[in-house]
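Biologist: I'm new to this one, so could you walk me through it? Let's have a look first.

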Amino acid sequence: MNGKTGVEIHLDNVSKRYPGQRTAAVDEVTMTIPAGETVVFVGPSGCGKTTTMKMINRLIEPSAGRITIGGEDALKLDPDQLRRRIGYAIQQAGLFPHMTVGQNVGVVPGLVGWDKNKIADRVEEMLDLVGLEPGEFRDRYPRQLSGGQQQRVGVARALAADPPVLLMDEPFGAVDPITRGNLQDQLLRLQSELGKTIVFVTHDFDEAVKLGDRIAVLGDRSKILQYDTPDAILANPADDTVAGFVGAGASLKQLTLLRVRDVEHGDVPTATVDDSPEQLRERVGKGSGLLLDARRRPLRWVSARDLGPGKSLRTAGRPVEDSVSEASTLQDALEAILTDDEGFAVVVGTRGEYVGVVDIDTVMSTIRQLRDEARA
Ligand SMILES: Nc1ncnc2c1ncn2[C@@H]1O[C@H](COP(=O)(O)OP(=O)(O)OP(=O)(O)O)[C@@H](O)[C@H]1O
């Protein structure tokens with residue numbers, strides 16, 4: 001199970017009963033985490049997410065069941081050996097405060113016996129990978145870094161020995177929303193290059209939707225309420241509990257699953273730069289129209305007031321800021337509508353030519369329809 005790309009993890013009837021507890025914290029969980037995928041565990045506080053995750057690297061020993069990692073029985077391996085082959089990143093980074101950034105990142109490669117030069121090269125490579133300039137950060141101590149920088153070092157440390165599996169327990173939980181968004185983007189980028197098998201724990205359903213190839217929605221004692229792709233869970237929550245967790249924003253999130261081509265397009269008056277202002281003024285009446293170039297690509301919005309005597313179509317009106325294509329998501333269309341002066345998303349074809357508009361009423365009625373379907 002060494003090497004760059006991820007391996008499959010399989011949990012077979014895995015349970016954990018903590019000493020002195022009447023009920024199991026994790027009760028007979030069976031799931032397969034496919035090689036090279038990011039699987040996110042979400043669920044309410046105390047449902048057993050962390051316990052389930054920590055049984056994979058045996059920071060917590062299962063009370064019953066079987067775990068295989070890349071086909072190897074994890075419970076038969078030496079726990080220290082096992083953990084050196086599984087990257088682990090946690091909230092607040094968990095860096096060793098008395099070690100420099102470089103020493104922190106080099107810990108696991110050191111433990112598995114890499115020589116000094118190879119470790120130094122690897123530290124440099126990892127800091128680069130997570131966007132920290134090695135010369136600037138290598139010799140600092142964790143307390144001399146911001147929260148987001150510490151999290152980056154935490155991820156670099158988890159990846160340093162090139163493990164096929166990465167466990168991440170709320171790794172971005174302790175940073176502000178903007179830094180969190182950046183760290184998430186960076187993880188997505190890294191993962192598209194590295195293809196590790198990642199198990200990621202979070203409370204935040206939006207984070208799960210963004211990062212997960214699959215999401216496991218867990219209930220009490222880690223019972224799997226639904227295990228599917230984000231799209232499938234958003235479109236079809238398995239039960240009321242999952243629907244509650246998916247949250248009120250589900251219809252809005254679903255806008256990312258629909259395309260502009262899926263909804264009806266409206267039309268607005270148009271004219272090309274070769275037409276006369278009078279022709280366009282007749283067509284727009286009291287409203288607005290779109291001015292197109294000679295190849296019918298949208299240029300500017302014009303209204304009657306822009307078309308008075310002496311005004312030229314070559315300069316009249318306000319530029320169309322943003323257009324969408326048939327393949328754009330309805331979320332993109334909504335954003336275009338919200339930033340457009342006229343309140344339309346202008347839809348263009350493959351050659352950039354005007355094909356129609358989508359307005360806020362169309363988006364609203366789509367949201368209502370999705371909501372009704374989800375309730376039915
Ligand atoms: N060492 C322990 N001894 C006894 N009970 C424990 C121990 N660790 C966790 N538990 C209990 O096991 C259950 C699951 O805890 P776990 O930390 O796995 O949940 P979680 O879903 O990760 O929670 P959170 O989202 O709040 O971090 C909880 O009821 C918790 O109180």
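Biologist: How many helices and strands are there in the protein chain?

Modeller: Keep in mind that this is a predicted model. The chain has 376 residues, and 39% of them count as buried. As for the elements, the count comes to 15 helices and 17 strands.

Biologist: Which residues are around the ligand, and how do they divide into nonpolar, polar and charged?

Modeller: Tyr18, Gln21, Ala25 and Gly43 are around the ligand, and so are Ser45, Gly46, Cys47, Gly48, Lys49, Thr50, Thr51 and His203. Sorted by type, that shell gives 3 nonpolar, 8 polar and 1 charged.

Biologist: Now helix H5, residues 116–129: what should its 14 residues span?

Modeller: Reckon 1.5 Å a residue, taken times one less than the number of residues. The C-alpha atoms at the ends of H5 are 20 Å apart, which agrees with the expected span of 20 Å.

Biologist: Which residues of H5 are buried, and which are exposed on the other side?

Modeller: The buried ones are Ile119, Arg122, Val123, Met126 and Leu127. They cover an arc of only 130° around the axis, so they sit on the same side of H5. That fits a general rule: an α-helix has 3.6 residues a turn, so residues three or four places apart point the same way. On the other side of H5, the exposed ones are Asn117, Lys118, Asp121 and Asp128.

Biologist: What do the buried residues of H5 pack against?

Modeller: Their partners are helices too. Going by number, they are H3 (101–105), H4 (107–111), H6 (134–137) and H7 (147–159).

How values were computed
Residues are numbered from 1 along each chain as its sequence is written. This is a predicted model: local features need pLDDT of at least 70, side-chain atom pairs count only at pLDDT 80 or more; totals for chains, interfaces and linings use all residues. Helices (H or I, at least four residues) and strands (E, at least two) are DSSP runs, numbered from the N terminus. A residue is buried if 20 or more other C-beta atoms lie within 10 Å of its own, exposed if 12 or fewer, and partly exposed in between; C-beta atoms are placed from the backbone. A residue is near a molecule or strand if its C-beta atom, placed from the backbone, lies within 6 Å of it. Ala, Val, Leu, Ile, Met, Phe, Trp, Tyr, Cys and Pro count as nonpolar, Asp, Glu, Lys and Arg as charged, and the others, Gly among them, as polar. The arc is that of the directions from the helix axis to the C-beta atoms. Two residues are in contact if their C-beta atoms, placed from the backbone, lie within 7 Å.
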